[in-house]
Amino acid sequence: MAARDEIVFEDFFPAMVEKLGAEGFMKELCNGFRLLMDGEKGMITVESLKKNLALLGLQGMSEDELVCMVSEGDLNGDGGLDEMEFCTLMFRLSPALMKSSRTLLEEALVTEM
């Protein structure tokens, strides 16, 4: 059982991939990115996350926790998440997707060709 203030994450990504296919799932990830990004900066920032906490169901998160979330995926050190960093982070946070990422990549490549 989870502690009172602990955030419990249920990984719905595998079910989404099964329902939407690899291409549909990637479109949904991109839609999620656009929903959370700062429109002027073109990336997800701590401030843009703050504005969307209620939408995400994470109203109780502190600024330090938001900074950690962005830092976790900020591969180029620019202080925010671009679309590729966001998608990469989402895959890394889903153990089941990490296991099946090769299959998804192959399916996406076949669809592209």
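**Salt bridges across the helices**

Let's start with R92, which is partly exposed at 37% relative accessibility. Keep in mind that this is a predicted model. R92 pairs up with E72 in a salt bridge, and their closest N and O atoms sit 2.5 Å apart. That contact links distant parts of the chain: E72 belongs to helix α4 and R92 to helix α5 (residues 83-92), with their positions 20 residues apart in sequence. E72 has a relative accessibility of 42%, so this residue counts as partly exposed too, given that the category runs between 20% and 50%.

Stay with helix α4 and go to E63. Its side chain meets that of K50 in a salt bridge, 2.8 Å from N to O. E63 is in helix α4 (residues 63-73) while K50 is in helix α2 (residues 46-51), so the pair ties together parts 13 residues apart in sequence. As for accessibility, E63 comes out at 41% and is partly exposed, and K50, with a relative accessible area of 32%, is partly exposed as well. There's also a third player here: E47 joins K50 and E63 in a network of salt bridges.

Now for a pair within one helix. K27 and E23 form a salt bridge with their closest N and O atoms 3.7 Å apart. Why are these two about one helical turn apart? Because they are four residues apart in helix α1 (residues 13-36). E23 is partly exposed, at 40% relative accessibility.

And the overall tally? Searching the whole structure turns up five salt bridges, including E72 with R92, E63 with K50 and K27 with E23.

Notes:
Residues are numbered from 1 along each chain as its sequence is written. This is a predicted model: local features need pLDDT of at least 70, side-chain atom pairs count only at pLDDT 80 or more; totals for chains, interfaces and linings use all residues. Side-chain values use heavy atoms; hydrogens and water are left out. A salt bridge is a side-chain nitrogen of Lys or Arg within 4 Å of a carboxyl oxygen of Asp or Glu. Buried means under 20% relative accessible area, exposed over 50%, partly exposed in between (1.4 Å probe, protein chains only).
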